[in-house]
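Welcome, and please open the structure in your viewer. We will walk through it one selection at a time, pausing at each stop to see what is there.

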Amino acid sequence: MLLRQDEKNLLRTIVVGAGEAGLALARDLHRVSSFGLEPVGFLDDDESKRGRRFGGRRVLGTLADLEAVLESNRVDVVVVAIPSMPTHEVKQLGLRAAAQGVTVLHLPPFLSALQRQIAGTDMRALQVGPLIGRPEMHVVSRGAAEAIAGKRVLVTGAGGSIGSELCRQVYGFGPAELIMLDHDESNLHRTQLDLWGEALLDTESTVVADIRDGERIHQLFRDHRPQIVFHAAALKHLPVLERHPCEGVKSNVRGTENLVEAAIAYDVERFVLISTDKAANPASVLGATKRLAELVLEAHHGSDTVLTAVRFGNVLGSRGSLLHVVRDQLASGADVTVTHPDVNRFFMTIEEAVGLVLEAARMADGSSTYVLDMGEPVRIVDLVRNFANLLNIRDVKFRYTGLRPGEKLTEELFGCEEEALPTDHPRISMTKPPHAVAGFRAGLRELYDAASHNRPDEVFRHLRRLVPEYTPAPGLVSAVTACAPYPDDF
């Protein structure tokens, strides 16, 4: 099912709570179109309000009527405007809405202590458009629930930013089992606590494992028999992999192949790889290893397992991403470090990223790579200035550190031999990957051998042969001094 937006490209929104906070919020959202939300009605458990109009919008029912109201009114977003609502009730509401392909936003509880009118500007999380120059897209459709419900689902990298959000949304779709895999037990603890309100780490579906360990991965697939796999585990920080290319190969390429081989051996229905826009005409080890991971999927094409990939831009809000670093630098009064005044990137929110993954799982019927239409790339300096304006900081000073080894001024979404093809989603394109080079499997074995013996020069040579479009960007400063700029993320 495609997104339903009105003539102003606004998302149809239900406000939970027809009290003072809800009425003020609905008024402000209607008045300020930059939030991207258009209230179409209220839900409120006060039966005396049912059917009444407030500010031209009716109370459509109580919280018990949530699913029916969402369906009949073609709702995209639910905003909870009851600041005192207990956290566990908000979570339950979120799970019910997620099962309908709808997002839930929540006014934070501390606002209930403020003795003033609630205003839409308190909803900082919604102000994405001014940062990236376009409205945030709610990508996931209700059809995605049908691809997940009742299935055994494995998420690798479940403790990371993308992996944990995948777990939250998948859990809301009612899988038969959600298997959360990560090599870091602390990350798993945090994800389990967020999902269930407790984290004893004592369930069979919470798995500590390293994707580099092929025998362990096969054991897990044999024991759990997942039907859908979302592969988010990876090494992803560009400067780290420029220094340690062997580790990038071990995790991003060999680890991916371990999972793909296990998926095919144990009859997984769908396998979705999280890739990056840096894989298109790569200039870095990160891009080259993720491009190779895509080619690993292509090399195994022809099995009954549907193998597909999604390419992300830089993800706003994920751990270690640009905004976290910029926020800390602005708060301390320090100069904001940027590599180059003209460097730009494609940006997406975590919700957009996870929505793309879920839609790819729904749409995929063969070997292909899916890409979200993220609009035009955004200059880093412009994004920083926009972010500073939201924080009421007017004087931003930049320190330019020079492009790092492996870094481009501008990323691309498709490689030089790739063609963007339409899908049934208006904001998602796909491309069929070109065939791998001759002798690909033998070349992979040589690459793995060089990486396992920690021979970086050989790794670079094999990467260039296996990924002909890989053209290492030397950068303007050496790897030894390029330690200050923001970390990459996808």
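The tour below begins with the whole protein and then moves to its sheets, helices and a few single residues.

**The whole protein**

Keep in mind from the start that this is a predicted model. Show everything as a cartoon, and you have 16 helices and 21 strands on screen. The protein has 490 residues, and 57% of them count as buried. Switch on a surface if you like: the accessible surface comes to about 19900 Å², and carbon and sulfur atoms account for 51% of that. How far apart in sequence are the residues that touch? Among contacts between residues at least 6 apart, 77% join residues at least 24 apart.

**First stop: the six-stranded sheet**

Select β1 to β6. They form an open sheet in the order β3-β4-β2-β1-β5-β6, and the pairing is mixed. Which strands stand at the edges? They are β3 (53-54) and β6 (103-106); each has a single partner strand, so one side of each is left without a neighbour in the sheet.

Now zoom in on β4, residues 57-61. Four of the five residues of β4 are buried, so the strand is mostly covered, if we take buried to mean under 20% relative accessible area. On one side, β4 pairs with β3 in the antiparallel sense, over two bridges. Pick out two pairs here: R53 stands opposite R58, and F54 stands opposite R57. Between β3 and β4 is a hairpin with two residues between the strands, and in this hairpin G55 takes a positive phi near 60°.

β4 also pairs with β2, this time in the parallel sense and again over two bridges. To find your place in this pairing, select L43, which stands opposite G61 in β4.

**Second stop: helices on that sheet**

Add helix α1, residues 20-31. Helix α1 lies across β1 (11-16), β2 (37-43), β3, β4 and β5 (77-80), and runs at about 155° to β2. Then add helix α3, residues 87-98. This helix lies across β1, β5 and β6, with an angle of about 155° to β6.

**Third stop: the nine-stranded sheet**

Next, hide the earlier selection and bring up another open sheet, with nine strands in the order β9-β8-β7-β10-β11-β12-β17-β21-β20 and mixed pairing. Its edges are β9 (206-208) and β20 (421-422), each with a single partner strand, so one side of each is left without a neighbour in the sheet.

Helix α13 (residues 350-363) packs on this sheet, where it touches β10, β11, β12, β17 (368-372) and β21 (428-431). The direction of α13 makes about 155° with that of β12. Helix α10 (residues 245-265) lies across β7 (152-156), β10, β11 and β12, and runs at about 165° to β11.

**Fourth stop: strand β11**

Color β11, residues 270-276. Is this strand mostly covered or mostly open? Six of its seven residues are buried, and the strand is mostly covered.

What are its neighbours? Strand β10 (residues 228-231) runs parallel to β11 and is joined to it by four bridges. Here F230 has V272 as its bridge partner. Strand β12 (residues 306-312) also runs parallel to β11, and seven bridges join the two. Two pairs are good to select: F271 has L307 as its bridge partner, and L273 stands opposite A309.

Now show helix α11, residues 285-299. Together β11, α11 and β12 make a right-handed β-α-β unit.

**Fifth stop: a glutamine in α7**

Select Q192, which sits in helix α7, residues 185-196. Is Q192 buried or exposed? With a relative accessible area of 2%, Q192 is buried, because it falls under the 20% limit. Show its side chain together with that of T206, and you will find a polar contact of 3.2 Å joining the two.

**Last stop: helix α14**

Finish by selecting helix α14, residues 380-390. Its buried residues include I380, V381, L383, V384, F387, A388 and L390. Step just past the helix to N392, which follows α14 and has a positive phi, near 60°.

Key:
Residues are numbered from 1 along each chain as its sequence is written. This is a predicted model: local features need pLDDT of at least 70, side-chain atom pairs count only at pLDDT 80 or more; totals for chains, interfaces and linings use all residues. Side-chain values use heavy atoms; hydrogens and water are left out. Buried means under 20% relative accessible area, exposed over 50%, partly exposed in between (1.4 Å probe, protein chains only). Contact means heavy atoms within 4.5 Å. Accessible areas come from the Shrake-Rupley method with a 1.4 Å probe; for residues, only the protein chains shown count as cover. Two strands pair if DSSP finds at least two bridges between them. Axes are lines fitted to C-alpha atoms, for helices over the stretch in contact, and angles run from 0 to 180 degrees between N-to-C directions. A polar contact is a pair of N or O atoms within 3.5 Å; within protein, one must be able to donate a hydrogen and the other to accept it, and residues adjacent in sequence count only if both atoms are side-chain atoms. A crossover is right-handed if, with the strands pointing away from the viewer, the path from the first strand over the helix to the second runs clockwise.
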